[in-house]
Amino acid sequence: MKRTHHTNSNASSYNDGNSSENKKSSFEKREDLNSEFKKPSLINNTIKKVKKNESFKFQIQQLNKNLENYILLKEKFILQNSLQNSKNIQQTLQQEEKIKNLENDLLKNLENFKENILLENEKFTIEFCKDENFTIFVNCFVKFFEFENFYENLFQFFLEILNLEENENFEIFLEKFIFNFIPIFINLNLENCNEEIIFNYFKILENILEFNKDEIISKFRNEFLNFLENLFKKYLKNLENFNFNLQLYFFEILFLFSTNLEIQNLFFNKKLILDFLLEFLFHLTNLENLNQEQNEIIENLFLIFNSILGNLNIKKLFIECEGLELLQKLINLKNINKISIFNILNIFLENLNNLENFNNNFNLFLKNYKKILFKYFLKTDVTLQKIIISIFYKLFKINDKILIKKFKKNEKYLNHFINIYYTLYKNVYIFEQTTNLEDFETEEEYELNKLDIGLESLQFMSFIINKITNKEILTKITQKLENVNISMEIVKQLDISNQIEESEEGDHTLEDNTNDM
């Protein structure tokens, strides 16, 4: 639960609002200062700030002191039990009660400390992070995590801290907080914890990664790799034992890691992992009446594949694990998001010509998807059309005969191609005429919006048109475009190869071994 953020600079959390201070003697005012009822003046605010820092320091030290007593008492209790086989029952109960009372005191200390932070977080300063308070704070919580009975309260503490409203000073504290606790946190043993505690654990991890994911993963790469291996062994292979909410969090965490290049190479670049992801996707898509969490898990799996299939080694494993065949089956299912699947195929085609056995892999792709691509190209979904146009662009760069043969065999595909081109051209033209650069915060944002409205797809299609060498098809395209007042000169200007300096990709020229559709 996120608490209300108080920023009243004229009152502390314990100020009773007494307005009669001006009538008091100097002695009474000093007494008031000593009891932390302060007059809102420059001098008193300075004293107030010191008092608040001392309050933090006192609470941290008190928390640490109680925790040390708790540890000593537990160690003593365990030692005595091991040395005395026939211990007095009454004495044992008394010791257990004493431990329990101290445990309750600790939880109260923890709650008070949390409230202090939540209410006064704007008062956290760089000085606080640098002084001995923070060291005591870290050492105290390291000890706390030695006891599973505190996990529930500690995780709740972490969640509330991580969800505080941002401000410059607290960001500094939060960064130190996260970087100090990651090595401890990701190595916790949760085997004996209930699902709610495990669920909060993953919520915390998600918050931590979203704070500064790449820097955090880079700094703690080995620790996170070990964490992912344990996650796979302990949880992912036994997912049926956990509720759907918890399953969803597993895959959301996996997605966050999948966007990191180092983790891609060191964790996801394994046949065992790819097999698991594909098998679980197959398992879910075969279920009837999927609930919301299961549908979200499927989308997270699609996002993971989107992230990792740019990696050539993972692309190769994806083929070996028959990922292309599985996606082909999924396209035919009614309730599956087709856009997500075509996004994966689009990414799969990137740099495919750099893969070993390129010809075989490309022909495998065509075998599975050539008919499907043209079938869905005729659909009216604009987003889907844009993705398929991007796929056509990549296919055309590898083998231009695929599109040409289709256009020659059935002119409806050529007409649809030109209709989409005209629609995109019109959309971009209207955008340029009705939108000003001043409407956006940056020029980059303006250009990105123009690409998204259709310019990128228009550039891909212009590339295809400009590279067509078949005179019959080129003549038809020229005539159809002129009918809607678009000249070939405009098409040449929009060609993406004229917009960017494309890297030399070592294009392969394949024999025409594709079958007519």
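Before the first pair of helices, one term: a helix axis here is a line fitted to C-alpha atoms over the stretch in contact, and the angle between two axes is taken between N-to-C directions, from 0 to 180 degrees. The model I am showing is a predicted one.

With that in hand, take helix α13, residues 292-308, and helix α16. Their axes cross at roughly 15° and come within 9 Å of each other. Angles under 35 degrees count as roughly parallel, so α13 and α16 are roughly parallel to each other. The crossing of α13 past α16 is left-handed.

Now keep α16, residues 338-349, and turn to α17, residues 358-377. Here the axes come within 13 Å, and the crossing angle is roughly 130°. That value falls neither under 35 degrees, nor between 65 and 115, nor over 145, and α16 and α17 are therefore oblique to each other. This crossing, α16 with α17, is left-handed.

Next, helix α18. It runs over residues 382-398, which is 17 residues. From the first C-alpha to the last, α18 reaches 25 Å, close to the 24 Å expected at 1.5 Å a residue. How many residues of α18 are buried? The count is 14 of its 17, so the helix is mostly covered, buried meaning under 20% relative accessible area. At the start of α18 there is a contact to look at: a side-chain oxygen of Asp-381 comes to within 3.1 Å of the backbone nitrogen of Thr-383.

Let me move to backbone angles in loops. Two residues come up here. Glu-322 is not a glycine, yet its phi is positive, about 60°. Where does Glu-322 sit? It is in the loop between α14, residues 312-320, and α15, residues 323-331. Asn-485 is the other one, with a positive phi near 65°, again in a residue other than glycine. Asn-485 belongs to the loop between α22, residues 471-483, and α23, residues 488-494. Is Asn-485 buried or exposed? Its relative accessible area is 70%, and the cut-off for exposed is over 50%, so Asn-485 is exposed.

On cysteines, I can be brief. How many disulfides does a search of the whole structure find? The search finds zero. As for burial, Cys-193 has a relative accessible area of 14% and is buried. Cys-321 also counts as buried, at 10% relative accessibility.

Last, some pairs separated along the chain, with their distances in space. I start with Asn-245, in helix α10, residues 244-258. Asn-245 is partly exposed, with a relative accessible area of 40%. Phe-199 is 46 residues away from Asn-245 along the chain, and the two C-alpha atoms are separated by 8.0 Å.

Glu-148 is in the loop between α5, residues 132-144, and α6, residues 151-162. Its relative accessible area is 31%, so Glu-148 is partly exposed. The partner is Asn-192, 44 residues apart from Glu-148 along the chain, with 8.4 Å between the C-alpha atoms.

The remaining pair starts from Ile-465, in helix α21, which covers residues 443-467. Is Ile-465 buried or exposed? It is buried, with a relative accessible area of 1%. Ile-465 and Ile-477 are twelve residues apart in sequence, and their C-alpha atoms are 7.8 Å apart in space.

To go back over the helix pairs: α13 and α16 are roughly parallel, while α16 and α17 are oblique. Both crossings are left-handed. For the loops, the residues to look at are Glu-322, with its positive phi, and Asn-485, with a positive phi as well.

Key:
Residues are numbered from 1 along each chain as its sequence is written. This is a predicted model: local features need pLDDT of at least 70, side-chain atom pairs count only at pLDDT 80 or more; totals for chains, interfaces and linings use all residues. Side-chain values use heavy atoms; hydrogens and water are left out. Helices (H or I, at least four residues) and strands (E, at least two) are DSSP runs, numbered from the N terminus. Buried means under 20% relative accessible area, exposed over 50%, partly exposed in between (1.4 Å probe, protein chains only). The expected span of a helix is 1.5 Å times one less than its number of residues. A polar contact is a pair of N or O atoms within 3.5 Å; within protein, one must be able to donate a hydrogen and the other to accept it, and residues adjacent in sequence count only if both atoms are side-chain atoms. A disulfide is a pair of cysteine sulfur atoms within 2.5 Å. A crossing is left-handed if the near helix is turned anticlockwise from the far one by less than a right angle, and right-handed if clockwise.
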